[in-house]
Protein chains: 2
Amino acid sequence: MENNAPFAPIKYGGCLPLAWQLKDRRVVLVGGGQVAAGRLTNLLQADALVTIIAPSDSMHSEVHYRICDDETAKTRITWVNRKYVGASDLDEGTAMVLTAIDDHEESLQIWRDAKAAKIPVNVADVPPNCDFYFGSLVRRGPLQVMVSTNGRGPKLASLVKDKIEEALPDHIEAAIENAGKLRARLRERAPGVGGKLGQKRMKWVTDVCEAWSFAQLASLEDEEIGVLLDEGWEKKRVPTYEKVTGRKSTSSWRVSITNVRFADLQILFGFGVGTLAGMIVCLTLVHRKQIFDIW
Amino acid sequence: MENNAPFAPIKYGGCLPLAWQLKDRRVVLVGGGQVAAGRLTNLLQADALVTIIAPSDSMHSEVHYRICDDETAKTRITWVNRKYVGASDLDEGTAMVLTAIDDHEESLQIWRDAKAAKIPVNVADVPPNCDFYFGSLVRRGPLQVMVSTNGRGPKLASLVKDKIEEALPDHIEAAIENAGKLRARLRERAPGVGGKLGQKRMKWVTDVCEAWSFAQLASLEDEEIGVLLDEGWEKKRVPTYEKVTGRKSTSSWRVSITNVRFADLQILFGFGVGTLAGMIVCLTLVHRKQIFDIW
């Protein structure tokens with residue numbers, strides 16, 4: 001049956017990875033220990049407004065630093081210097097509740113309050129009381145990658161994260177920034193939400209991203225993005241990198257240099273060592289032969 | 001100032017990537033086109049129960065297949081064969097609302113209804129009306145990786161996803177499954193939630209994952225996981241792979257075979273070609289010398 005199925009079979013048993021949008025939204029974080037310090041970093045990176053409910057004793061030094069000394073972070077944080085007292089701690093506009101405290105009973109109470117108020121909640125280390133889990137995160141400017149093992153092992157998630165960090169090309173950040181600028185400026189030229197036009201815009205940007213390398217996208221200057229729109233979008237085509245930037249020779253050199261991968265260096269290294277080895281073997285043989293000849 | 005900061009500066013401007021838990025929770029999906037087909041796959045993979053609100057005309061063939069012919073999927077789907085009518089379509093227990101329809105006004109109405117009912121919502125292609133965005137996903141059994149460009153370019157997210165797929169080792173899936181089994185069986189031996197014991201369990205599993213390679217973890221048989229717990233957890237140490245499995249020579253051979261990376265083959269290839277080149281150069285020179293000698 002499955003083999004005749006016209007569409008790929010579903011791989012059940014996973015989660016739904018999502019990029020949650022918290023810009024200027026209020027998140028309540030209960031607890032001030034080491035786990036809370038990690039959560040706070042995650043929340044600030046997402047531009048959230050954070051209410052920390054935690055007494056000052058036993059507060060992690062990083063949490064204390066963000067609240068008191070980090071000039072930017074402290075403007076985003078409201079600190080309530082006491083333990084959680086009840087549902088009144090969860091304001092109407094609260095977008096999310098995170099708890100990171102050792103007291104299991106208190107954690108469950110916060111969970112019940114959050115569920116009653118229909119606020120998504122995560123109780124650290126208690127999977128059944130979590131609407132969502134955290135994963136290991138990679139951040140490169142606008143690029144964010146999350147690795148989740150669905151609770152199988154946070155350490156392995158972190159090791160996989162390390163592998164991914166290694167695999168990402170250096171210019172990925174600039175390439176994505178420029179693709180974002182291209183999309184934004186295209187929306188200015190051809191405004192409107194959804195429908196046919198939206199699809200047309202999306203298709204053209206996709207075509208450009210497929211035709212151009214990461215390195216080419218990364219090297220685009222702001223005015224060249226305008227040229228790309230003039231020569232591409234307006235004329236319903238995808239111009240070449242050379243046509244847009246006029247940097248045929250230099251840039252392809254630059255691009256090829258930045259594109260030299262570690263693997264290429266390894267072939268080169270192997271070739272070098274091999275050449276030496278071949279010459280040594282030959283010379284030894286010839287030398288021996290000369291010795292034989294003299295005899 | 002920043003240089004003297006005792007903790008890493010925050011990289012603002014991101015989102016909060018989360019692994020949303022939807023097992024047996026109800027999600028309302030409005031729309032039945034191509035975008036809805038993708039959303040439906042994501043939701044089913046997360047073991048959600050899905051209510052699809054979409055008239056049968058203009059329904060994508062994949063959505064139709066999941067509703068009518070996919071034996072497993074159809075037991076998870078409730079199909080409402082009409083357009084969205086109003087807030088009454090969002091039941092009390094709805095965990096999430098996704099809309100994927102072309103009608104912008106209707107989308108906004110669904111968004112307003114969902115916000116009023118305090119249900120997280122995503123309106124496809126309308127970022128300001130999304131509590132969360134979708135990313136490009138990699139799935140390898142229990143491992144899930146999400147790539148988000150924070151709206152800069154879905155195509156680039158998909159290209160980055162391809163790079164990540166390439167970089168993941170083959171045995172990653174089995175390694176994570178086994179780490180999960182190890183954690184679960186450890187929790188059976190040393191039950192209890194949170195606190196000191198939880199930290200001790202976590203530390204021991206982390207130590208094992210750090211000391212053992214992915215390939216070693218992947219090759220563990222079920223009964224060997226028991227041995228690992230006996231020889232490791234019970235004795236407060238991390239035993240070697242050889243000690244637990246008794247597969248010293250075979251397994252380290254097997255492990256090293258599976259660990260041969262493409263890069264190593266490239267060095268070997270370079271070496272081979274280099275050796276030939278070196279020998280040819282030498283022989284040519286020697287040959288010439290002989291010719292000179294004859295002269």
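**How chains A and B meet**

Q: What makes strand E9 of chain A and strand E9 of chain B a pair?
A: Strands are DSSP runs of E with at least two residues, numbered from the N terminus, and two of them pair if DSSP finds at least two bridges between them. Here E9 (residues 143-148) of chain A and E9 (residues 143-148) of chain B share five bridges in the antiparallel sense, so the definition is met. One of the partnerships joins A:Ser148 to B:Gln144 in E9(B).

A word on the basis: this is a predicted model, in which local features need pLDDT of at least 70 and side-chain atom pairs count only at pLDDT 80 or more, while totals for chains, interfaces and linings use all residues. Residues are numbered from 1 along each chain as its sequence is written, chains are lettered from A and ligands numbered from 1 in the order written, and side-chain values use heavy atoms, with hydrogens and water left out.

Q: How do you know that the copies are related as by a two-fold rotation axis?
A: Superpose them by least squares on the C-alpha atoms of residues with pLDDT of at least 70 in both. Chain B then lies on chain A with an RMSD of 0.1 Å after a turn of 180° and a shift of 0.0 Å along the axis. The two copies are thus related as by a two-fold rotation axis.

Q: Why is it said that the copies meet through the same surface?
A: Because 98% of the interface residues of chain B are also interface residues in chain A. With contact meaning heavy atoms within 4.5 Å, 103 residues of chain B touch 101 residues of chain A.

Q: How much area do chain B and chain A bury between them?
A: Buried area is the accessible area (1.4 Å probe) lost on being put together, summed over both parts. For chain B and chain A this comes to about 9,700 Å², 66% of it on carbon and sulfur atoms.

Q: Why is the meeting of B:Asp131 and A:Arg25 called a salt bridge?
A: The term asks for a side-chain nitrogen of Lys or Arg within 4 Å of a carboxyl oxygen of Asp or Glu. The N to O distance for B:Asp131 and A:Arg25 is 2.8 Å, so the pair qualifies. Across the interface the rule finds six salt bridges.

Definitions and conventions
Buried area is the accessible area (1.4 Å probe) that two parts lose on being put together, summed over both. Helices (H or I, at least four residues) and strands (E, at least two) are DSSP runs, numbered from the N terminus.
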